[in-house]
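Me: I would like to go through this structure in a few short exchanges. Please keep each reply brief and end on what was asked.

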Amino acid sequence: MIRKESYKTKNRQQILEFLKMQKDRSISVSEIKANMEQNGYEVNLSTIYRYMDKLVEEGSVMKYTSKKGEKSGFQYIEPEHNCHCHLHLQCIQCGKIMHLNCCFMEEIEMHIKEHHGFTIQCDNSILYGMCQDCQK
């Protein structure tokens, strides 16, 4: 008989591995659930939501809310990306997320602060557009 604690750990490992494999895009809870079922794991949506909230709180996952606020997406964050210090770009066609981690961030932050009196919070900040591949 499998202990409940062990069952949760396997589910969490599977969820985290799926997020890591899809780290270049935002993943919905329904996609996570479908992947779990496809791999023979049974898990309910509330369990996935709770675990995603925990990963967001830990800083392992970034949470993005859709334009209309209806649906959230989650992205695994590599520790070296320091996602809390830069904006992100998301392709509206393929869903790919790119890190705007360059010297431009310092320029835009300074401009916005000096000329608009506003400080940018990069956590969960995303600019939407179309990636180079989808523009072709």
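The exchanges below cover confidence, two helices and two loop residues.

Me: In which helix of the protein chain is confidence highest?
Reply: This is a predicted model, and the mean pLDDT of its protein chain is 82, with 87% of the residues at 70 or more. Confidence is lowest in helix α1 (residues 4-21), at a mean of 76. At a mean of 94, it is highest in helix α2 (residues 29-38).

Me: Over which residues does pLDDT stay under 50?
Reply: Where pLDDT is low, the predicted coordinates should not be read in detail. The stretch in question has 3 contacts beyond four places in sequence in the model. pLDDT stays under 50 over residues 1-8.

Me: Within what arc do the buried residues of α2 fall?
Reply: The buried residues of α2 are V29, I32, N35 and M36. Seen down the axis of α2, they line one face of the helix, because their directions fall within an arc of 120 degrees.

Me: Which residues of α3 are exposed on the other side from its buried ones?
Reply: Helix α3 (residues 45-58) reaches 20 Å from its first C-alpha to its last, close to the 20 Å expected for its 14 residues. Its buried residues are I48, Y51, M52 and L55. These cover an arc of only 105 degrees around the axis, so they sit on the same side of α3. On the other side, the exposed residues are R50 and E57.

Me: Which residue with positive phi follows α3?
Reply: After α2 comes G40, with a positive phi near 80 degrees. For α3, the residue that follows has a positive phi near 90 degrees, and it is G59.

Me: Is S26 buried or exposed?
Reply: S26 is found in the loop between α1 and α2. Beyond its neighbours within four places in sequence, S26 is in contact with E31, Y64, G73, F74, Q90, G95 and I97, and its side chain reaches the backbone nitrogen of F74 at 3.5 Å. The cut-off for burial is under 20% relative accessible area. S26 has a relative accessibility of 16%, so it counts as buried.

Me: What is the C-alpha to C-alpha distance between C85 and N101?
Reply: C85 lies in the loop between β2 (72-76) and β3 (87-91), and is partly exposed, with a relative accessible area of 42%. Leaving aside neighbours within four places in sequence, C85 is in contact with M105 and C122. C85 and N101 are 16 residues apart in sequence, and their C-alpha to C-alpha distance is 7.9 Å.

Methods
Residues are numbered from 1 along each chain as its sequence is written. Side-chain values use heavy atoms; hydrogens and water are left out. Helices (H or I, at least four residues) and strands (E, at least two) are DSSP runs, numbered from the N terminus. The expected span of a helix is 1.5 Å times one less than its number of residues. Buried means under 20% relative accessible area, exposed over 50%, partly exposed in between (1.4 Å probe, protein chains only). The arc is that of the directions from the helix axis to the C-beta atoms. pLDDT is the predictor's confidence in each residue, from 0 to 100. Contact means heavy atoms within 4.5 Å. A polar contact is a pair of N or O atoms within 3.5 Å; within protein, one must be able to donate a hydrogen and the other to accept it, and residues adjacent in sequence count only if both atoms are side-chain atoms.
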